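Biologist: I'm new to this one, and I'd like a close look at a single part. Could you pick one helix and walk me through it and its surroundings?

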Amino acid sequence: MKPDLRVRIGGLELANPVGLASGTFGYGSEYEDLVDVDRIGALYTKAVTISPRPGNRPPRIVETPSGMLNSIGLANPGIEAFIAEKLPALRARRCAVFVNVAGSTEEEYLEVVERIESAGGVDGYEINVSCPNVRHGGLAFGTDPAQIERLTRALRDRTRRPLIVKLTPNVTDIGSIAKAAEAGGADAVSCINTLVGMVIDPSKARPVLAMGSGGLSGPAIRPVGVACCYKAARAVRIPVIGLGGIVRAEDALQYLLAGAKAVQVGTGTFVDPRCAISVLEGIAAWMEARGLARIDDIAALLRD
Ligand SMILES: Cc1cc2nc3c(=O)[nH]c(=O)nc-3n(C[C@H](O)[C@H](O)[C@H](O)COP(=O)(O)O)c2cc1C
């Protein structure tokens, strides 16, 4: 029997648990010729901020063992251009679309969400309180439970659409941060964003990235992501969405066994644009081979 791959985030049903992670799939149309995006459960857009952001100075990407380090810095066209130029195509998508929202102050987050609420046409929001590559906001919000709870509550007042808070692994206790998001009214948490890292070129005796440090992603961070999801899933009742280093179905299954209800593929898309599709097919085949009917049945298998 074919397994039922549907999962629920707040009041929204996703056709399957596999999503495309923010910042690694643009606004969906960039990969149109290579991937049938609508087979994916959810698309998470590149971060959207109030004003346009050119991002940080180059070099802003460097390859690392089993991963990459980036300091893109939330480059995006800003809310106005997003609504005028990106939203129409996103509205036409059959997969769920979550807008990844970033800001330097609480007001900026609120304004982005309010503007999109008035424009309509997206399924929900993923709140990025965890970007290590911006000077203000980002990590400052993501490491303080009180700020997370306040920001989430303020956003909750402004939308009934699903609200996902994206957590950083750069904290001591991710469980308490997840709890703060839940207390503020989040429908789900996603984890993890990138880990702070640095690469130094010895021949020049200087960091390779112009910003100095950046965010580490890819298979190198997968064990950190799985551990964070495991902890978060035991701290909250809302769904946890797992990501970090997923390139094969087996990687996604680690997250689902750890208690995640859904997953996202990020850096894996850079290596193979169809990565998320093969992850999805692999999960379905794994479930079918074991006679599992639902995604929830996977987590029930974990023996820890
Ligand atoms: C180039 C690049 C840009 C990213 N931009 C964003 C972003 O705008 N907002 C966000 O929440 N996460 C962003 N991320 C983080 C990813 O969504 C993801 O959390 C992280 O890369 C870990 O997953 P992965 O190992 O599968 O890539 C970015 C990651 C990369 C590599």
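Modeller: Here is a tour that starts at helix H5 and works outward from there.

Keep in mind that this is a predicted model. H5 covers residues 174-184, and it is mostly covered, with eight of its eleven residues buried. Those eight are Ile174, Ile177, Ala178, Lys179, Ala180, Ala181, Glu182 and Gly184. Notice that Lys179 and Glu182 are on that list of buried residues. What do the buried residues of H5 pack against? Two helices and two strands: helix H4 (145-156), helix H6 (222-235), strand E9 (163-166) and strand E10 (188-191). Just past the end of H5, Gly185 has a positive phi of about 105 degrees.

Let's follow the packing towards H6. Ala232 is a good residue to look at, since it touches several parts of the chain. Leaving out neighbours within four places in sequence, Ala232 is in contact with Leu167, Ile174, Gly175, Ala178, Val189, Cys191 and Val240. Ile174 and Ala178 from that list are among the buried residues of H5. Ala232 also belongs to the largest nonpolar core, which has 87 residues. Along with Ile164, Val189 and Cys229, Ala232 has the most contacts inside that core. As a general point, nonpolar side chains tend to be buried together in soluble globular proteins. Apart from the 87-residue core lies another one of seven residues, including Met68, Leu69, Leu195 and Ile221.

Now for the strands next to H5. E9 and E10 sit in a closed barrel of eight strands, which goes E3-E4-E7-E8-E9-E10-E15-E16 with parallel pairing. From one strand to the next, the twist averages 25 degrees. To see one pair up close, take strand E15 (residues 240-243) and strand E16 (residues 262-265), which pair in the parallel sense over three bridges. Within that pair, Leu243 has Gln264 as its bridge partner in E16. H6 packs on this sheet too, touching E10 and E15, and its direction makes about 175 degrees with that of E15. Helix H2 (residues 106-119) also packs on the sheet, where it touches strand E7 (96-101) and strand E8 (124-128). The angle between the directions of H2 and E7 is about 150 degrees. Not everything in H2 is covered: Ser118 is part of that helix, and it is exposed because just 8 other C-beta atoms lie within 10 Å, where 12 or fewer counts as exposed.

Go back to E10 and follow the chain onward. The peptide bond from Cys191 to Ile192 is cis, with omega near 25 degrees. Ile192 is in the loop between E10 and E11, and that loop takes us to a second sheet. This one is open, made of four strands in the order E5-E6-E14-E11, with antiparallel pairing. Strand E5 (61-64) and strand E11 (195-198) each have a single partner strand, so each has one side left without a neighbour in the sheet. On average, neighbouring strands here are turned by 40 degrees against each other, direction ignored.

In the middle of that order, strand E6 (residues 67-70) and strand E14 (residues 213-217) run antiparallel and are joined by three bridges. Leu69, one of the residues of the seven-residue core, has Leu216 as its bridge partner in E14. E5 and E6 are also antiparallel, joined by four bridges, and Thr64 has Gly67 as its bridge partner in E6. The hairpin of these two strands has two residues between them, and there Ser66 takes a positive phi near 55 degrees. Pro65 is in that loop as well. Is Pro65 buried or exposed? Pro65 is exposed, with 7 other C-beta atoms within 10 Å. Pro65 and Gly218 are 153 residues apart in sequence, yet their C-alpha atoms are 9.2 Å apart in space.

One last stop is the ligand. It has 26 residues around it, and Gly23, Ala47, Ser217, Gly266 and Thr267 come nearest. One of these, Ser217, brings us back to E14, which spans residues 213-217. The shell around the ligand divides into nine nonpolar, 15 polar and two charged residues.

Definitions and conventions: Residues are numbered from 1 along each chain as its sequence is written. This is a predicted model: local features need pLDDT of at least 70, side-chain atom pairs count only at pLDDT 80 or more; totals for chains, interfaces and linings use all residues. A residue is buried if 20 or more other C-beta atoms lie within 10 Å of its own, exposed if 12 or fewer, and partly exposed in between; C-beta atoms are placed from the backbone. Two residues are in contact if their C-beta atoms, placed from the backbone, lie within 7 Å. A nonpolar core is a set of buried Ala, Val, Leu, Ile, Met, Phe, Trp, Tyr and Cys residues joined through C-beta atoms within 7 Å. A residue is near a molecule or strand if its C-beta atom, placed from the backbone, lies within 6 Å of it. Ala, Val, Leu, Ile, Met, Phe, Trp, Tyr, Cys and Pro count as nonpolar, Asp, Glu, Lys and Arg as charged, and the others, Gly among them, as polar. Two strands pair if DSSP finds at least two bridges between them. Axes are lines fitted to C-alpha atoms, for helices over the stretch in contact, and angles run from 0 to 180 degrees between N-to-C directions.
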